[in-house]
Every structure is written in structure tokens, then in C-alpha cells.
Amino acid sequence: MAPTPWTPNQYPPARRSDHVDVYESKKQGQVRVPDPYQWLEQNTDETDAWTSAQDAFTRAYLDKNPDRAKLEKEIRANTDYEKLSAPSLNYDGKWYWYHNSGLQAQSVLYRSSDGKLPGFSKDGHVFFDPNLLSDDGTAALAVSAFSRDGNYFAYGISLSASSGSDFCTIYIRETSKPLAAVDGKHVDHDESRLSDEIRFVKFSSISWTHDSKGFLYQRFPSRESHGLATEDKAGTETTGDKDAMLYYHRVGTPQSQDVLVMKDAEHREWMWGTSISELDGRYLFLSVSRDTARKNLLWVADLQENEIGQNIKWEKLIDEFEAEYEVIANDGTKLFLYTNQNAPKHKIVTIDLADPKRTQVDLIPEEKDASLSDVVVTGNDKIALIYKRNVIDEIYLYSMTGEKLTRIAPSFVGAAEVSGRRDVSDVFVNMTGFTNPGIIGRVDLTSFNATASLESTWSIYHTTDVKGLQPDEFTAEQVWYESKDGTKVPMFIVRHKSTRTDGTAPAIQYGYGGFSISINPTFSPAILTFLKSYGAVFALPNIRGGGEFGEEWHSAGIKERKINVFDDFIAATEHLVNNKIAAAGKVAINGGSNGGKQFATRLLVGACINIAPQGTFGAAVAEVGVMDLLKFADFTIGKAWTADYGDPHDPHDFDFIYPISPLHNVPEDKTFPPLLLMTADHDDRVVPLHSFKLAATLQHVLPHNPHPLLIRIDKKAGHGAGKATEKRIQDAADKWGFVAQSLGLEWQNGS
């Protein structure tokens, strides 16, 4: 098809105010920065009218795509296949797993009838169906945990009937009372649960004490703007997330009686994460974080000697923000910890609480050419772990004495996750990749202990089958390219076998590059559908700022070095074109949420279209983006991101932040490629005002741009986690349809 016709100078109007903010610069002193769209930061009638007009304007353009309905239909058909998680044995002696029949809005938690390892759906029944929580599938489980006696299930709903806010409300139900349809009829969630209602919970775990009388959780101060728990009001405010508190809730009591354990008026941005020693329940571990850096404090309390409350006596085992520490197990007083202390690629150490010196002893030392990314202690005395070597996962089994026992699935290429429990002899490995929709493998450690052989103890427990797509029709390879400063960067290339390799193929290029988060090979029916339908290529460069090669790779893409992230991404596009992997002017770039807790780094696309030479990109889609780098720290969880971005209110940091802020550096003399900003009105992680203000600025500065500069605003949706399946399908059809209609791509015969 020909590119969708576009007439410039027709954008919905946006009022410009004379608002000016003043910042302190180390180089320039006071700097006055105009912010004419500051009013879009407020949830007012004027803002609502503007967003409604913009969304309607964008929808009119998207609906001109003659392939839009066909693309959505194909994506839906190719998404319609059974999806399963690895099972886990609960303390009630039954197995639990998540199951989605294909197009269910939310995956359903199933339970086995007895303690026998299940054959999934044929051997189980519904325990908790989140689809019964709302009529439109927008309510989702945010966090959950079973009590140690197996009698209670505590679960956080993304604010009941809410729409994607990071806030949730925790409820409790007895495990003898499942939330499941009866004879096909809808049941009321509130009728069968306990009366407990725990509100204003955010970025929290649920840590049950071993007596099963209650649990610890993190909450923020009450907000009148949220209304009742059943009202859809959370997610639209921009108030900074400060004054987090750690509480203990006792089952069957109102939240007003919960016991305060921790708060810190001097460190208002600090947050609290807890766990309790798995086997003995003796120790309460408190992880204290102040931002998104991989650094935390680690305090320990002996519950045999302490009552949970503000007077609890903490041993401040790690009391400086110098490294990341996570307790993975304990044998009595001996703690096993995952850390990057003097080990940027991570290692496992031990600390004995009976040792007055608290000496850290290396158990599994750092490997210099592989990053330790996942660790699970299981089968009483085994450690299952994953090393990421050149962005490809390797799975190993170690002893608790640090001896390497065996490698699991050595021929596997892709991304893996391990799951298990210390007192359970089954280890499950979930393996996926660009052309692999999912394989669940199992190691029977009881047999392994008897034979010391993996051959007789490793088995494929479940293989995912897709209906529409044929994964073996696609190929994936890894290439390396050189960035602007000479750094070698890896990139995955995925294509359908019929895709042309003569330099004429269009491409989607996705990037992240922040917060030490690794972007792994992932099976995406939507992307594979686009590749096959339009003869396109998918490119995933693992740029600096991520965690693919440990902390040094991450550190090379933060603060003053953030420019390296953009250079890496631009160089990836140049490599695709120069090596005839993709056509010049046909590379569409995309950056979006990876779902990481508290994280956001979608300034990538906004910055790159400002910086890259004109014509580098054929189109761009920026999802839930951080675009105002001078104000991100002022809203919700944004203050935590200063570890990666720097602090715009620090005069030194201002000087390297201001020049790369997408909002403040839109060039007036440059032709921009077709651009689609995507945001959500209930996103309280990356608040939508970032995208609002950038859209208004682009349309004011470049009203004559020969290509559209649009914003799509999702109503009743948040940052991405828990988004309903149908909403994800529609999002994919809109953004990839936008790419197709903007580039004038032809639907391939036979697709």
C-alpha cells in the first residue's frame, strides 16, 4: 500500500502559557526554562478535552490503514494458544500454576486435586480467576502469597476495579474457598473472601510469618483522591511517592490495627522489602532501597528474640549503599547471599551471624565472562542458577558447598528462568526464545542425588504449541556491531525465512538500555505476525545501560554516559542498513515498557529522533515515555530514577541532563519521521504528562512536518503490567499498523 496521505498544520490546538521554571546550573548559574504546557501536568477538564481531541485525531489517522483490521485479526489468531507457567508446590500439599486458554484477559491460577505432580489442566481446577474481578478484564493480580500453613491466600488487586495503577489493595481468602465460576455463572469476589482490606500498597511483597497469623507489607500514606477501594480513581495523580511504611497485618483485623514496623522521616524516598528465612522462619530480612540503583541496605532481626513492631532490634548487617545484597537461603546462622560487591557480574557469598567479624566468604565466585542473573536454592542442598553469557542463558546446578555439579539443557539457546523451593526436590526451568514459545523442563533432584546423572533426571515437562504461526519458519541470529566510540554491541536479528536479504526489507528495531535490566530473547506473536505479513526484520540491540554484561555495562549508560545508549541504538540502525539487513529509511524504532518494577527508560526513542541524522529512521513508536528529564523526579516514583538519569535539581547533573531531554531539544530545522507516542491515562509510574507535553511541543515546533507526529492515549490503562490480552492485541495492531501505513508496506501474498 502507499503511505497514508498526510496533510500538515491540522493538529488540535494546545494553549501555550508563559510558565517558566528556574533551575540551577553549575556552568551557567540560574537557567530559566519555559514550560508552556505545564498545565498538561494537571488532571483538569482542559487537559481532558485536549487528550480527547488528540486521541480522536490519532484514531482518524490509524483508521485510514486498509490493513489495520486484517493485522489485528492475524495477531489475535496467532495469540490464541494455550499458555502455562511452571507448577509450584504450596504448603497445603497441592500444586499451583497459571493457565491461559489463549485469549483470556488474565491468566487463571489453577490448583491440583492432590499432591501428585499435575498434568496441568486435565489434573486441576480453577483456584483463582482474576477475570471474575471485572467485566472488562482490567483488574489484575499485582502480588500474591500463600500462608505457611496453606490455609490463606493473600493477593493484591491492582486497585480492585482499577486500570493499571501501581497501587493495589490486598485481600485475603481461605484456600478452601476458591474464586471460580459456579456452573458457568459469575461469582462475587467479595462474598467469599475475608473482610480484610489493605489499601495504598505499592511496590510491595507479602511476607507471611511462619505462624501464619499475618504478614508484612509496604504501603504509602492514605490518599483521599483514591476514593473507595472499589472506585476507579487511582493512577491519575502525580504526587511523589514518599514516606513508604512497613506494616504487619494480622489476619482478621482491620488495617487501622496494623502494626507499624518501619518508617523514616529523614529519608522519605527509602522503601522497604522483606523476606523471612524459608526453612526455620527465624530471621526477618529487611532490604532498604533508596532508588533504582543495584545497591541496598540489609538488616536482620531474630524473631525468636523480637516482637514485630517499631521496637524490633535490627542488626544492620550491611549499612551502606555500596552494593546489592539479597538473601537466598540460610542454614541456621549461616546466610547465603547474591551480591555484586566487588563483583560487577555478581557472585554468591556466605556470612555467618555467629561470626563476630561477619566475614563475607565467596561461595560461587564471579565469572569474568558471564553475568549471574538468577539463583534458586532447591532440593534441600542444591543451587540452580543461570549465567548470561553474551545474552544467552546457561543453566547450572551447584551444591551448597559451591561445587559445580552439572549443566542443564546445554543445547538450549535463549532465555531461561528457574523455579523451585528449598524443601521440594523438583526444579523447573522455563525456556523461551524468539522462535520458541515456551518449554518447561524438570529436574528430579531425588533421582539426581541417587545417580549423579542428569540424563535420567531431566525431562521436558511441557512444550507450548502455537496454532497460527509456525515458529520453525523463522530464524534468529546474533551479530555484533561497532558503536560510535568503538564499543562492540550484540544484536539479535529475527526474520521469516521468506524475507528478502538484499537490503530492501523493512525492520522494527527495539531498545531499552537502562536500570541494569537485560532484554532477553522473547517469543512475540504480534511481532512475528508483522514480520511474516510484511517481509520485515526484527532487530534487538542489547545496548549499554542494560544488565546483559553486568554492572560495568549498566554503568556505561547512565548519567553523563547516557549518550552512549543513544549512540549504540543509532549505530544499530546504521549497521542494519550498511549490511543490507534492512532498507535505508525503512527502519522503525520502538521503545516500550519491559514491566520492570519501579523502572522506566523510554526516553530512548524521544532522544534518538532528536539526535540522529535526518533520514536515519523510517518511523518511530515511543511507548509510555520519560520525555521531560527536568521534571521526571517530581512525579510518583520518578525520584528513584535519579540513580540512572541523574538529578535535574542538582546543578552538576542539570548540565548533562538538559542537553538530552527530549522535550527541551526538539530541533526546529529537521524533518522528523512518522512518530506515534503511546501513553495511558492511569499510568502512575511514567505519568502521561511526559507524552502529553512532548506531543504538544512537537506539533507546535514542527506543524509543517511532512509526516504525522501523533499521540495515542489509552483510557483506563496503566504502565503495562497486568494489561488485558485484548488490549495488548489492539495496542500491537495500532503501533505495528502505524509502522506499516507510514512506511507504505505491502501485505505479503500468502501471509
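Biologist: Which residues does Lys-488 touch, not counting residues up to four places away in sequence?

Modeller: This is a predicted model, so read each contact as a feature of that model. Lys-488 touches Trp-480, Tyr-481, Glu-482 and Trp-553, with residues up to four places away in sequence left out. Lys-488 itself lies in strand β33.

Biologist: Is Lys-488 buried, exposed or partly exposed?

Modeller: Look at the relative accessible area. Under 20% is buried, over 50% is exposed, and partly exposed is in between. Lys-488 has 49%, so Lys-488 is partly exposed.

Biologist: How far is Lys-488 from Ala-640 in sequence and in space?

Modeller: Always read the two separations side by side. Lys-488 and Ala-640 are 152 residues apart in sequence. In space they are 30 Å apart, C-alpha to C-alpha. Now take another pair. Leu-246 and Gly-309 are 63 residues apart in sequence and 9.5 Å apart in space, again C-alpha to C-alpha.

Biologist: Where is Leu-246 found, and is Leu-246 buried or exposed?

Modeller: Leu-246 is found in strand β14, residues 245–250. Its relative accessible area is 0%, so Leu-246 is buried. Check its surroundings too. Beyond its neighbours within four places in sequence, Leu-246 is in contact with residues including Leu-216, Tyr-217, Val-259, Val-261, Trp-272 and Leu-286.

Biologist: What should I expect of nonpolar side chains in general?

Modeller: In soluble globular proteins, nonpolar side chains tend to be buried together. Now the case here. The largest nonpolar core has 141 residues. Trp-314, Phe-530, Leu-531, Phe-538, Trp-641 and Trp-736 touch the most other members. Helix α12, residues 725–743, gives the largest share of this core, with 8 residues.

Biologist: Which residues does Trp-736 touch?

Modeller: Leave out residues up to four places away in sequence. Then Trp-736 touches Leu-71, Ile-508, Ala-526, Ile-527, Phe-530 and Asn-590. Three of these names come back in helix α5: Ala-526, Ile-527 and Phe-530 are among its buried residues.

Biologist: How many residues of helix α5 are buried?

Modeller: Helix α5 spans residues 525–534 and is mostly covered, with 9 of its 10 residues buried. Among them are Pro-525, Leu-528, Thr-529, Leu-531, Ser-533 and Tyr-534.

Biologist: What covers the buried residues of α5?

Modeller: Ask which elements supply the contacts. The cover includes helices α2 and α12. It also includes strands β32, β33, β34 and β35.

Biologist: Which residue of helix α2 can I look at?

Modeller: Try Glu-72, which lies in helix α2, residues 68–79. Glu-72 has 15% relative accessibility, so Glu-72 counts as buried. Leaving aside neighbours within four places in sequence, Glu-72 is in contact with Glu-726, Ile-729, Gln-730 and Ala-733.

Biologist: Where is Glu-41 found, then?

Modeller: Glu-41 is found in the loop between β2 and α1. Use the accessibility again. At 9%, Glu-41 counts as buried. Glu-41 touches Asp-35, Thr-238, Lys-631, Phe-635, Leu-689 and Lys-693, with residues up to four places away in sequence not counted.

Biologist: What sign does phi have in most residues other than glycine?

Modeller: Most residues other than glycine have a negative phi. Now read this structure. Phe-515 is not a glycine, but its phi is positive, about 60°. Ser-516 is not a glycine either, and has a positive phi of about 60°. Phe-515 lies in the loop between β34 and α5, and Ser-516 is found in that loop as well. Phe-515 has a relative accessible area of 1%, so Phe-515 is buried. Ser-516 counts as buried at 15%. A glycine with positive phi, Gly-535, follows α5, and its phi is near 60°.

Biologist: How many helices and strands are there in the chain?

Modeller: Step back to the whole chain. There are 12 helices and 39 strands. The C-alpha atoms fill a box of roughly 70 × 60 × 55 Å along the principal axes.

Biologist: Why does the radius of gyration agree with a compact globule?

Modeller: Compare the value with the expected one. With 751 residues, a compact globule would have a radius near 27 Å, and the chain has 26 Å, so the two agree. Then check burial: 60% of the 751 residues count as buried.

Biologist: What share of the contacts with a separation of 6 or more comes from residues 24 or more positions apart?

Modeller: Their share is 61%.

Biologist: How many positive and negative side chains does the chain have?

Modeller: Count each set, then locate its centre. The chain has 78 positive and 102 negative side chains. The centres of the two sets lie 2 Å apart.

Terms used: Residues are numbered from 1 along each chain as its sequence is written. This is a predicted model: local features need pLDDT of at least 70, side-chain atom pairs count only at pLDDT 80 or more; totals for chains, interfaces and linings use all residues. Side-chain values use heavy atoms; hydrogens and water are left out. A nonpolar core is a set of buried Ala, Val, Leu, Ile, Met, Phe, Trp, Tyr and Cys residues joined through side-chain atoms within 4.5 Å. Buried means under 20% relative accessible area, exposed over 50%, partly exposed in between (1.4 Å probe, protein chains only). Helices (H or I, at least four residues) and strands (E, at least two) are DSSP runs, numbered from the N terminus. Contact means heavy atoms within 4.5 Å. The radius of gyration is taken over C-alpha atoms; the globule rule is 2.2 Å times the number of residues to the power 0.38. Lys and Arg count as positive and Asp and Glu as negative; His and the chain ends are not counted. The place of a charge is taken as NZ of Lys, CZ of Arg, CG of Asp or CD of Glu.
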